[in-house]
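Reader: Could you walk me through this model before I start looking at it myself?
Author: Gladly; here it is.

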Amino acid sequence: MTGKLLTVSILTLYFSLVSTTHDHHHENQMPLDYVRFPYQAVYPGDNDGECYLFTADSIFSGITTFARLPWQQCLTKEKDALFDIAFIGAPFDTGTSYRPGARFGPAGIRAGSRRLTLYGGYNVPLEVNPFLSGLKIVDCGDIPVTPYDNTYAIKQIEDGHKELLHRTPFSPLANDSLTGKPLQPIALDGHHHPRIITLGGDHTIVLPLLRSIYTAYGAISVIHFDSHLDTWKPSVFGGAPSAQAAINHGTYFYWASQEGLIRNGSSIASIPHGAIRTTLSGPADYVNDDESGFQRIEAREIDTIGTDGIIKKIRETVGDNPVYLSIDIDSIDPAFAPATGTPETGGWSTRELRTILRGLDGLKIVSADIVEVAPAYDTNAELTTMAAADVLFEVLSVMAKTPLGKV
Ligand SMILES: [Mn+2]
């Protein structure tokens, strides 16, 4: 055997060994499974409703997913994976005007959510445990997002979301909770869809998310919590020096309205946004906001009409329509949630926002997001990421209680 041939043979042997070891490793890969030892913690959907609670040691050990939910590689190896509610991260922050850093929001929110199931996850005021509601809830990880090209990144987010949204739900979600009778899909395309909860990311991501939602539900009602309008014309917010710069975290609702993605055709504004308290370029910003179909609930109204009054306004505005929910963490006061892109004082407490969210019980929330969590500005006590996780716990509980369908 010549030296050259010997080298080739050894290389061939080496690569075949490496690839065998690699395959073998993947076959045995069981994400998060080791945290079950020795108590066999199992979530419903995995095992016919059989459920053991996590113990304290498993709460702070191991790889972190939202609320310790099973990780599914929904966009890659597990494209056939079915679920009822999926968490997905969109780590995009290159549409931010002030503090960047929300690309680390998904990882931060997951860390803030670790303790959600320590005692089992029963929501006392809503009288439901979303983790034991019979729904299959998973964490799909993050949509890969380029930090170098906003136009491309926005397309990546739309495609990633659509890929999950157009999967068949795991459970027959659409049974009436009282009669058990099947419900009809509420989506315009006539299909049942799973629900997606997106972890942002700066608020720009809502434009591609609404483009995805449109492919199933058509123009949709939105409930928007934010200290800012986000309906600004690109010439007002950012000055629009280029087509790419014109789409940012202060203009995405302007574009969503222009593209007909949101229900704003009726004579009554159909999109409530709550917690508004931003300064303006001038009163014309509110005129533009009206024209984009929004009804403002100012943050300070909580002092006069209270949480009940705010809940009433929101419910009267959206009615019984399918609704998309978008929550900017900056709707909460920076005293409670300092780690955000454009903080505004004079906001709601975490308790007040959670109360208002529970007041949405019974609404058909088809998907949701929380955005603008930038963990680098947080306290060591993880105030903001914990607030974001707890806010999503309320959203998850409302979703778990309300089947997505009509009689
Ligand atoms: Mn905001």
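What follows is a conversation about the fold, the annotated site and a few backbone details.

Reader: What am I looking at overall, in terms of helices and strands?
Author: This is a predicted model, and the secondary structure of the protein chain comes to 10 helices and 8 strands. Of the 407 residues in the protein chain, buried ones make up 48%.

Reader: In what order do the strands sit in the sheet?
Author: The open sheet has 8 strands in the order S2-S1-S3-S8-S7-S4-S5-S6, and the pairing is parallel. Its edges are strand S2 (137-142) and strand S6 (294-298), each of which pairs on one side only. Direction ignored, neighbouring strands of this sheet are turned against each other by 15 degrees on average.

Reader: How many bridges join S5 to S6, and how many pair S4 with S5?
Author: Strand S5 (residues 271-276) is joined to S6 by 5 bridges, with the two running parallel, while S4 and S5 pair in the parallel sense over 2 bridges. Glycine 274 appears on both sides of S5: phenylalanine 225 stands opposite glycine 274, and the bridge partner of glycine 274 in S6 is isoleucine 297. Between S5 and S6 the chain crosses through helix H7 (residues 284-291), and this β-α-β crossover is right-handed. Another bridge partner pair is proline 272 with glutamine 295 in S6.

Reader: Which helix lies across S5, and why would you call S5 largely enclosed?
Author: Helix H8 (residues 306-318) lies across strand S4 (221-225), S5, S6 and S7, and it runs at about 160 degrees to S5. As for S5, 6 of its 6 residues are buried, so the strand is largely enclosed by the rest of the structure.

Reader: Switching topic, where does UniProt put the binding site?
Author: The unreviewed UniProt entry places the feature "binding site" at His203, Asp226, His228, Asp230, Asp328 and Asp330. These positions are spread over 128 residues of sequence, yet they cluster in space, with a largest C-alpha distance of 12.4 Å.

Reader: Take histidine 203, then: is it buried or exposed, and what does it touch?
Author: Histidine 203 sits in the loop between strand S3 (195-200) and helix H5 (206-217), and it counts as buried because 29 other C-beta atoms lie within 10 Å. Not counting residues up to four places away in sequence, histidine 203 touches Asp230, His249, Tyr252, Asp328, Val371 and Glu372.

Reader: And where does aspartate 330 lie?
Author: Aspartate 330 lies in the loop between strand S7 (323-328) and helix H9 (350-358), and it is also buried, with 28 other C-beta atoms within 10 Å. Leaving out residues up to four places away in sequence, the residues that aspartate 330 touches include Asp226, Thr340, Glu344 and Glu372.

Reader: Glu372 came up twice, so what is its phi?
Author: Glutamate 372 has a positive phi of about 70 degrees although it is not a glycine. That deserves a look, since most residues other than glycine have a negative phi, and most peptide bonds are trans. Glutamate 372 is in the loop between strand S8 (365-371) and H10, and it is buried because it has 32 C-beta neighbours inside 10 Å.

Reader: Which other backbone details should I check, starting with alanine 240?
Author: Alanine 240 has a positive phi near 50 degrees; it is found in the loop between S4 and helix H6 (252-258) and is partly exposed, with 16 other C-beta atoms within 10 Å. There is also a cis peptide bond between glycine 200 and glycine 201, with omega about 15 degrees, and glycine 201 is in the loop between S3 and H5.

Reader: Last topic: which residues touch the most other members of the largest nonpolar core?
Author: In that core of 102 residues, they are Ala86, Leu210, Val323, Ile370 and Val395. Helix H10 (residues 383-401) supplies the largest share of this core, 12 residues. Apart from its neighbours within four places in sequence, alanine 86 is in contact with Cys74, Val138, Cys140, Leu164, Pro194 and Ile196.

Reader: What about methionine 386 in H10: how far is its C-alpha from that of isoleucine 109?
Author: Their C-alpha atoms are separated by 6.9 Å, although methionine 386 and isoleucine 109 are 277 residues apart along the chain. Methionine 386 counts as buried because it has 23 C-beta neighbours inside 10 Å.

Key:
Residues numbered from 1 in each chain as written. Predicted model: local features only at pLDDT ≥ 70, side-chain atom pairs only at ≥ 80, totals over all residues. UniProt positions renumbered as here; feature names shortened; annotations may be inferred. Helix = DSSP H or I, 4+ residues; strand = E, 2+ residues; numbered from the N terminus. Buried ≥ 20, exposed ≤ 12 C-beta atoms within 10 Å, placed from the backbone. Contact = placed C-beta atoms within 7 Å. Core = buried A, V, L, I, M, F, W, Y, C linked by C-beta atoms within 7 Å. Pairing = 2+ DSSP bridges. Axes fitted to C-alpha atoms, helices over the stretch in contact; angles between N-to-C directions. Right-handed = clockwise from strand over helix to strand, strands pointing away.
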